[in-house]
Amino acid sequence: MTVLDDIIAGVREDLDTRKARLPLEEVRTLAAQAPAPRDAHAALCDGASGLRVIAEVKRKSPSKGDLSAIADPAELASAYERGGAAVVSVLTEERRFGGSLADLDAVRAAVELPILRKDFTVDEYQIWEARAHGADLILLIVAALDDATLASFLRLTEELGMHALVETHTAEEVQRAVAAGARIIGVNVRNLKTLDIDRSVFADLAELIPAGAVAVAESGVRDLADVELFAADGARAVLVGEALVRHDNPEVTVREFSRVRTVASGLTS
């Protein structure tokens, strides 16, 4: 069993508990009552001000363990917003990442930015749930979904007015994401089987992402040099968690990362 398989097994157990507590029809009603979603795609396409930063509220991870207690996720998200983040990502998976839907609710109430509900989406219930809690963007991991399910989840996401960050790890997964119609394609440079990081993976796979799609570099960001590397290799946006939650001043760090210019702009930082 891979790390991804193990995580998803836990996600399904927790999902069954939430389904029992709140049936899908009730979640759909709540989703219909939620404020209109913000346009995360447009936020990530606005490259005039430099590389777009998806700043993450993340307490821990399977690879690094505890990262930060984050007693006030709303305040952290507000710091990200002040620093110029394009999107705030909120981990809602509890077992391995220490997140919750309560964190998502707190962040939604605190910022005006688009919000990514970062979780392991394996059931349409989670998509409706994300919208009910005010998310504008969800994560779809190609490795966790077959082609029919990926396409179906993308359609539902768009019908609800949201967008999806479609995560890939290999050339074949990028091709599957493109075939499914993904408009925001992430390349995670962390190996899901070993949890090792290989930053060169982004450059190799970014070449396969169509110019009309937003290329997002995920994982592996330690500092400004890593952000500059991903930008030079074709990233229009970068998703950053650990480097921000462990920093004494995440607002300043987000601002610094956001000043990096992308290849599309013809400039460097």
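In the predicted model, the buried residues of helix H4 are Pro73, Ala74, Leu76, Ala77, Ser78, Ala79, Tyr80 and Gly83. Because 8 of the 11 residues of H4 are buried, this helix is largely enclosed by the rest of the structure. The packing partners of these buried H4 residues comprise both strands and helices, namely strand E1 (52–57) and strand E4 (87–91) on the one hand, and helix H5 (101–110), helix H11 (242–245) and helix H12 (250–258) on the other. Directly after H4, the backbone at Gly84 adopts a positive phi of about 100°.

Positive phi values are also found at residues other than glycine. On the N-terminal side of H4, the loop that joins strand E3 (65–66) to helix H4 (73–83) contains Ile70, a residue that is not a glycine and yet has a positive phi of about 45°. With a relative accessible area of 9%, Ile70 falls under the 20% limit and therefore counts as buried. A second case is Ser219, which likewise is not a glycine and for which phi is positive at about 75°. Ser219 is situated in the loop between E9 and helix H10 (224–232), and its relative accessible area of 19% also lies under the 20% limit, so that Ser219 is classed as buried.

A further buried position is provided by His163, which belongs to strand E7 (residues 163–168) and has a relative accessible area of 12%. When neighbours within four places in sequence are left aside, the contacts of His163 include Asp39, Ala40 and His41, together with Asp136, Leu137 and Ile138. The remaining contacts of His163, under the same exclusion of sequence neighbours, are with Thr157, Arg183 and Ile184.

The surface, in turn, carries a patch of negative charge, in which Asp196, Asp198, Asp204 and Glu207 gather. Of these residues, Glu207 is located in the loop that connects helix H9 (200–206) with strand E9 (214–218). The relative accessibility of Glu207 is 69%, which is over the 50% limit, and Glu207 is therefore counted as exposed. Strand E9 thus relates two of the sites described here, since the loop between H9 and E9 holds the exposed Glu207, whereas the loop between E9 and H10 holds the buried Ser219.

Technical notes: Residues are numbered from 1 along each chain as its sequence is written. This is a predicted model: local features need pLDDT of at least 70, side-chain atom pairs count only at pLDDT 80 or more; totals for chains, interfaces and linings use all residues. Side-chain values use heavy atoms; hydrogens and water are left out. Patches are made of residues with over 30% relative accessible area and no salt bridge: like charges are joined within 9 Å, nonpolar side chains (Val, Leu, Ile, Met, Phe, Trp, Tyr) within 5 Å. Accessible areas come from the Shrake-Rupley method with a 1.4 Å probe; for residues, only the protein chains shown count as cover. A salt bridge is a side-chain nitrogen of Lys or Arg within 4 Å of a carboxyl oxygen of Asp or Glu. Lys and Arg count as positive and Asp and Glu as negative; His and the chain ends are not counted. The place of a charge is taken as NZ of Lys, CZ of Arg, CG of Asp or CD of Glu. Helices (H or I, at least four residues) and strands (E, at least two) are DSSP runs, numbered from the N terminus. Buried means under 20% relative accessible area, exposed over 50%, partly exposed in between (1.4 Å probe, protein chains only). Contact means heavy atoms within 4.5 Å.
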